[in-house]
Amino acid sequence: MKIAIYPGSFDPITKGHLDVLHTGTEIFDKVIIAVAKNSEKKSFLTVDERVNLIKESVQHLENVEVDSFEGLTIEYAKRKGAQILLRGLRAVSDFEYEMQLSQANSALSSDIKTVFLITKPKYNFISSSTIKEIFLNGGDISKFVPAPVEEYLNKRNKC
Ligand code: COA
């Protein structure tokens, strides 16, 4: 059984992430989308909020598990019995960082391979920061995030 881990901050999950995840589910038997508890990155949503929003956004996908983890991604992948780390590439600018990350992970464990999927062009410019900026300035984010994220952020904003 080919299990892939799709790690990231997902703060919040976007339609770009879902695009990568969806393709991953067609290639692998199971994809575990895992929110990394990254203390170095200032977060907008808590880990629990992000996990819950991902769960609501992936209900239509059967072979997806949603989780969170702390520490090294590679160690988490080993614990989950995964052979693959799944990452999305939006533009050439992602490449250098992703190459370093994948080489570091490969040096830590050569058994686990990183597979890159290219995001659809219409999602190329999306990042969680762009979405937060549009949202916090009153813009419409419905084109960029799944419905549960939009609904949750709008509700949270009114409180
Ligand atoms: N669609 C939309 N946005 C995308 C995207 C896509 N397909 N792919 C990446 N992004 C965006 C994210 O929204 C995020 O935007 P932001 O910076 O505005 O928040 C940005 O690209 C990068 O985010 P992400 O893919 O979540 O990566 P990250 O750098 O936050 O985290 C980890 C990467 C968690 C996988 C990595 O840091 C990690 O493995 N950490 C654990 C410790 C470890 O093992 N380190 C490696 C060994 S040294």
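**Exercise 1. The sheet and its edge**

Task: Strand 4 (residues 84-89) and strand 5 pair over 6 bridges; determine in which sense, parallel or antiparallel, they do so, and then place the two strands in the sheet.

Solution: In this predicted model, strand 4 and strand 5 run in the parallel sense across those 6 bridges. To fix the register, take L89, whose bridge partner in strand 5 is I118. Helix 4 (residues 92-108) packs on the sheet and touches both strand 4 and strand 5, with a direction that makes about 170° with that of strand 4.

Now widen the view to the open sheet, in which 5 strands follow the order 3-2-1-4-5 with parallel pairing. The edges are formed by strand 3 (64-69) and strand 5 (113-118), each of which pairs on one side only. From one strand to the next, the twist averages 30°. As general background, strands of a sheet pair through backbone hydrogen bonds, and they may do so in a parallel or an antiparallel way.

Elsewhere in the sheet, strand 1 and strand 2 run parallel and are joined by 6 bridges, and A4 stands opposite V31 of strand 2. Strand 2 is mostly covered, with 6 of its 7 residues buried.

**Exercise 2. Helix 2 and its packing**

Task: Classify the crossing of helix 2 (residues 47-57) and helix 6 (residues 147-158) from the angle between their axes, and describe which residues make the contact.

Solution: Begin with the geometry: the two axes come within 9 Å and cross at roughly 140°. An angle has to be over 145 degrees to count as roughly antiparallel, and helix 2 and helix 6 are therefore oblique to each other. Next, list the residues: helix 2 contributes E49, L53, E56 and S57, while helix 6 contributes P148, V149, Y152 and R156. Sorted by character, the residues of this contact divide into 4 nonpolar, 1 polar and 3 charged.

Finally, consider burial along helix 2, where V47, E49, R50, V51, L53, I54 and S57 are buried. The buried residues of helix 2 pack against helix 1, strand 2, strand 3 and helix 6.

**Exercise 3. The nonpolar cores**

Task: Find which residues touch the most other members of the largest nonpolar core, and which element supplies the largest share of that core.

Solution: The largest nonpolar core holds 33 residues, and those touching the most other members are Y6, L21, I33, I54, V58 and L86. At least two residues each come from strand 1 (3-8), helix 1 (15-27), strand 2 (30-36), helix 2, strand 3, strand 4, helix 5 (128-136) and helix 6. Helix 2 supplies the largest share, 4 residues.

Y6 can serve as a worked case: when its neighbours within four places in sequence are left aside, Y6 is in contact with H17, V20, L21, V31, I32, I33, A34, L86, R87 and G88. Apart from the core of Y6 lies another core, of 12 residues, which includes I5, F69, A77 and A82.

**Exercise 4. The loop between strand 1 and helix 1**

Task: Identify what is unusual in the backbone at F10 and at the bond between D11 and P12, and decide whether F10 is buried or exposed.

Solution: In general, most residues other than glycine have a negative phi, and most peptide bonds are trans. F10 has a positive phi of about 50° although it is not a glycine, and a cis peptide bond with an omega of about 5° joins D11 and P12. Both F10 and P12 lie in the loop between strand 1 and helix 1.

For burial, the cut-off is under 20% relative accessible area, so F10, at 2% relative accessibility, counts as buried. Beyond residues up to four places away in sequence, F10 touches H17, I33, A34, V35, R50 and I54. The C-alpha atoms of F10 and V51 are separated by 8.6 Å, although these residues are 41 residues apart along the chain.

**Exercise 5. Two lysines**

Task: Assign K132 and K120 to the classes buried, partly exposed or exposed.

Solution: K132 is found in helix 5 and, at 18% relative accessibility, counts as buried. Its contacts, leaving aside neighbours within four places in sequence, are with D11, P12 and F44. K120, by contrast, lies in the loop between strand 5 and helix 5 and, at 43% relative accessibility, counts as partly exposed. From C-alpha to C-alpha, K120 and K55 are 22 Å apart in space, and they are 65 residues apart in sequence.

Methods
Residues are numbered from 1 along each chain as its sequence is written. This is a predicted model: local features need pLDDT of at least 70, side-chain atom pairs count only at pLDDT 80 or more; totals for chains, interfaces and linings use all residues. Side-chain values use heavy atoms; hydrogens and water are left out. Axes are lines fitted to C-alpha atoms, for helices over the stretch in contact, and angles run from 0 to 180 degrees between N-to-C directions. Angles under 35 degrees count as roughly parallel, over 145 as roughly antiparallel, 65 to 115 as roughly perpendicular and the rest as oblique. Contact means heavy atoms within 4.5 Å. Ala, Val, Leu, Ile, Met, Phe, Trp, Tyr, Cys and Pro count as nonpolar, Asp, Glu, Lys and Arg as charged, and the others, Gly among them, as polar. Two strands pair if DSSP finds at least two bridges between them. A nonpolar core is a set of buried Ala, Val, Leu, Ile, Met, Phe, Trp, Tyr and Cys residues joined through side-chain atoms within 4.5 Å. Buried means under 20% relative accessible area, exposed over 50%, partly exposed in between (1.4 Å probe, protein chains only).
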